[in-house]
Amino acid sequence: MKTSAEREGQEPDIPNDSNINLGIWIFLLTEAMLFGALILCYSVMRILHPAAFNTASHLLDWKAGTLNTAILLFSSFCMAVAVRASGKGKSKGTSVLLLVSASLGILFLAVKGMEYHSEWLKYLFPNDEFTFAGPDSAFVKLFFNAYFILTGLHAIHLTFGILWLSGLGIASWVSPQFHRRYPNAIDCAGLYWHFVDIVWVFLFPLLYLVGGS
Amino acid sequence: MQGVKSDLFVFAGLLMLLIMTVVGSYWPLGEGLLIWSLAISSLKAYLIIRFYMNFRAGDRATKLFPYLAGVGLFILLLLVSTDFLTR
């Protein structure tokens, strides 16, 4: 007995397009709840200790944060164009744009790595060696706990995205049939990539700018 | 080509909003800075969801989930606020 996909001439192992889209949106919903809860925890701590959090926020490099935001926004633009190119069956163009988006993600991580390094050298990493000479040292440390958890989790998500986009970019370059066989693969990666961008769009002002420049 | 042009306009808009976020941090807004920053971030998120994630192109079931995420986050905020304000 033939499945509905076989009767419609599709390959039987590929799920329906709308089901794949629905699946990725459900996944993004769970991710939104994860980051939403963490951001809410951070906001409550900030309301309780505004002076310490403002002081700690000034210790971050807002220029690096602004640069990273611009990098991620540009990568989102490249990703959106890649999805359009994929829809038109332009496999080489799609591949290049996916790899550019992934490279911008790597650039983001490099800038973030330099920031982490600088904070480590200033003894701002919240371990036993944490040092802050000003008042409310314990709450400044609390800010850095939240900062490293939020940005670290975001960086892990971005790393998955980079691997995903790189894999798709290479597959798309090697096999021009890739788009026909997996029409939704690049759409789904695009949705994930834009979601990671949105998370950063909220993290940047909350962590870097909320203390005022 | 038309689609790429609109993507480019959205990107320019997002960069403008980024500049507004940074410039806003220099204004003496006090606690209003948090609201200002979150309002601009929400606008940026809307542009990305609406134009880059092609939210309107999805079917009804798919469109339901971004709204559900919003409702879920609102319930989370409501419960935490209630707990926070009544302590």
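Entry 1, confidence. pLDDT is the predictor's confidence in each residue, on a scale from 0 to 100. I started there since this is a predicted model, in which local features need pLDDT of at least 70 and side-chain atom pairs count only at pLDDT 80 or more, while totals for chains, interfaces and linings use all residues. Residues are numbered from 1 along each chain as its sequence is written, chains are lettered from A and ligands numbered from 1 in the order in which they are written, and side-chain values use heavy atoms, with hydrogens and water left out.

I looked up chain B and found a mean pLDDT of 86, with 94% of its residues at 70 or more. Within chain B, helix α1 (residues 2-24) has the highest confidence, at 92, and helix α3 (residues 60-85) has the lowest, at a mean of 84. Helices here are DSSP runs of H or I with at least four residues, strands are runs of E with at least two, and both are numbered from the N terminus.

For chain A I noted an average pLDDT of 89, and 91% of the residues score at least 70. Helix α5 (residues 91-121) of chain A is highest at 96, whereas helix α1 (residues 4-7) of chain A is lowest at a mean of 46. Residues 1-8 of chain A have pLDDT below 50, and beyond near neighbours in sequence this stretch has seven contacts in the model (a contact means heavy atoms within 4.5 Å).

Entry 2, the two chains. I counted along with the program: chain A has eight helices and zero strands. The C-alpha atoms of chain A fill a box of roughly 70 × 35 × 30 Å along the principal axes. For chain B, I have domain 1 (1-53) and domain 2 (59-87), with bounds that come from an automatic or database domain assignment. Their C-alpha centres lie 22 Å apart.

Entry 3, where the chains meet. How many residues does each chain bring to the contact? Chain A brings 42 residues and chain B brings 40 residues. Together they bury about 3700 Å², 81% of it on carbon and sulfur atoms; buried area is the accessible area (1.4 Å probe) that two parts lose on being put together, summed over both. On the chain A side, A:W25, A:F77 and A:R84 lose the most area to chain B, together 17% of what that side buries.

Entry 4, charges and polar pairs. Which residue forms a salt bridge with A:R84? I found B:D7, with the closest N and O atoms 2.7 Å apart. A salt bridge is a side-chain nitrogen of Lys or Arg within 4 Å of a carboxyl oxygen of Asp or Glu. The rule finds one salt bridge across this interface.

Next I checked which helices of chain A face chain B: α2 (17-48), α4 (62-87) and α8 (185-209) each supply at least two residues of the side that touches chain B. Helix α2 of chain A gives the most, with 16 residues.
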